[in-house]
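Subject: Structure handover

Hi,

Here is the structure we talked about. My notes follow below it.

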Amino acid sequence: MPTLPVSRRTILAGAAIAGAMTQIRQAAAETKEVLTPAAATDISSLPRVKVKLVDPPFVHEHEQVATGGPKVVEFEMTIIEKKITLDDSGATYWASTFNGTVPGPLMVVHEGDYVELTLINPDTNELMHNIDFHSSTGALGGGALTQVNPGEKTVLRWKATKPGVFVYHCAPPGMVAWHVVSGMNGVIMVLPRDGLKGREGEPVKYDKVYYVGEQDFYVPRDEAGNWKQYDSPGESYEDVLAVMRTLTPTHVVFNGAVGALTGDNAMTAKVGETVAFIHGQANRDTRPHLIGGHGDYVWATGKFNNPPERGLETWFIPGGTAGLMVYTFEQPGIYAYVNHNLIEAFELGAAAHVVVEGEWNDDLMMQVLAPGPI
Ligand SMILES: [Cu+2]
């Protein structure tokens, strides 16, 4: 066990976690032994690219079809524990975040690239964190090699061998579920080097891409039914765990808060534009649906070695998975993009808007008679 400063996080880690910690460290040690011979691959000649991550729902600039061979793509993320506001009824939550946002930023690389992540846990934080990439291979997805206490940083490199959109999330021993439902998750997209393809091998290209991270939150209430407030993540831990164990979220939201992607923050598109929607849910099943539109190409479970489904109305994304839908807008208007458990969409918050400009097509739909007296 490492020497940790005595603080609440040590208490949270607790004796119950000691066993798991030992196992993880053994796994890390064994992984190191296994990895050492294979480390012979010389990547020193590969070009290095430094990517500046951007906040969701936006995605950093990237090529859809890769030019040149594999690269080492460098990312940096700082972990920030922060109190966020979930809605306008006063619900707040001590989120743990990658880079300050829920979800964490989307990363894009191509199959065969190396992802090199610098993960920083500033000493202003209270908790230990790490990162498990579902897209990586070995060592608990990197979780066993990236445990950082406040005041530490680490660098992890892994090869992107599986194409698809994949969840990444924090997974500290003994506190995995709590960190994941505290917002500490995101998505990485590993594109095929020659881009996305349909069932017949036709290229699938997008004009723009949006990234929606769906998050279930479990916010404690007091005896009077009011949202409880806390001064730190550690202080909220036991109460939040009690709500988590009911499996009944108080909030299911897109991008960290009710209304984060509606009104002035709505996504936008034009008629004729092809838009890719990446949707991650690190913990709970979901079923995205675009009201008034369709999923032209859908990788519901997000893995590009499988052919996409066509023309879907709703698609199912199991918890712990990211999916990709591509749609060419054919009509202007305000579309709602929702989790089609409509209670979760309209009562708990899982709804976004896409404002689409362009010419109305009467052939696709017209009001033959406006509503009026019978
Ligand atoms: Cu964490």
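I'll start at one strand pair: Asn121 stands opposite Glu152 in β7. Keep in mind that this is a predicted model.

Strand β5 and its partners

The pair above belongs to β5 and β7 (residues 152-159), which run antiparallel and share eight bridges. Strand β2 (residues 72-85) also pairs with β5, in the parallel sense, over seven bridges. There, Val73 has Val115 of β5 as its bridge partner.

Which side chains of β5 are buried? Val115, Leu117, Leu119 and Asn121 are, and they point to one face. Tyr114, Glu116, Thr118 and Ile120 point to the other face and are not buried. This fits the general rule: in a regular strand, side chains alternate between the two faces of the sheet.

Two open sheets

One open sheet has four strands in the order β4-β9-β8-β6, with mixed pairing. Its edge strands are β4 (107-110) and β6 (132-133), each paired on one side only. β4 runs parallel to β9 (residues 185-191), with four bridges between them. Met107 has Ile188 in β9 as its bridge partner.

Another open sheet, also of four strands, runs β14-β21-β20-β16. Its pairing is mixed. β14 (267-270) and β16 (288-291) are at the edges with a single partner strand each, so one side of each has no neighbour in the sheet. From one strand to the next, the twist averages 25°. β14 and β21 (residues 351-357) are parallel and joined by four bridges. Ala269 has Val356 in β21 as its bridge partner.

The core

The largest nonpolar core has 90 residues. Phe166, Val187, Met189, Val253 and Ile278 have the most contacts inside it. Where does this core lie with respect to domain 1 and domain 2? Domain 1 (8-192) and domain 2 (209-357) both give residues to it, so the core lies between them.

Val187 is a good residue to click on. Beyond its neighbours within four places in sequence, its contacts include Pro103, Leu106, Phe166, Tyr211, Ile278 and Ala322.

Helix α3

In α3 (residues 233-244), the buried residues include Pro233, Ser236, Tyr237 and Val240. Why are these four on the same side of α3? They cover an arc of only 135° around the axis, which puts them there. The general background: an α-helix has 3.6 residues a turn, so residues three or four places apart point the same way. Glu238 and Ala242 are exposed, on the face of α3 turned away from its buried side.

Best wishes

Technical notes:
Residues are numbered from 1 along each chain as its sequence is written. This is a predicted model: local features need pLDDT of at least 70, side-chain atom pairs count only at pLDDT 80 or more; totals for chains, interfaces and linings use all residues. Two strands pair if DSSP finds at least two bridges between them. Axes are lines fitted to C-alpha atoms, for helices over the stretch in contact, and angles run from 0 to 180 degrees between N-to-C directions. A nonpolar core is a set of buried Ala, Val, Leu, Ile, Met, Phe, Trp, Tyr and Cys residues joined through C-beta atoms within 7 Å. A residue is buried if 20 or more other C-beta atoms lie within 10 Å of its own, exposed if 12 or fewer, and partly exposed in between; C-beta atoms are placed from the backbone. Domain bounds come from an automatic or database domain assignment. Two residues are in contact if their C-beta atoms, placed from the backbone, lie within 7 Å. The arc is that of the directions from the helix axis to the C-beta atoms.
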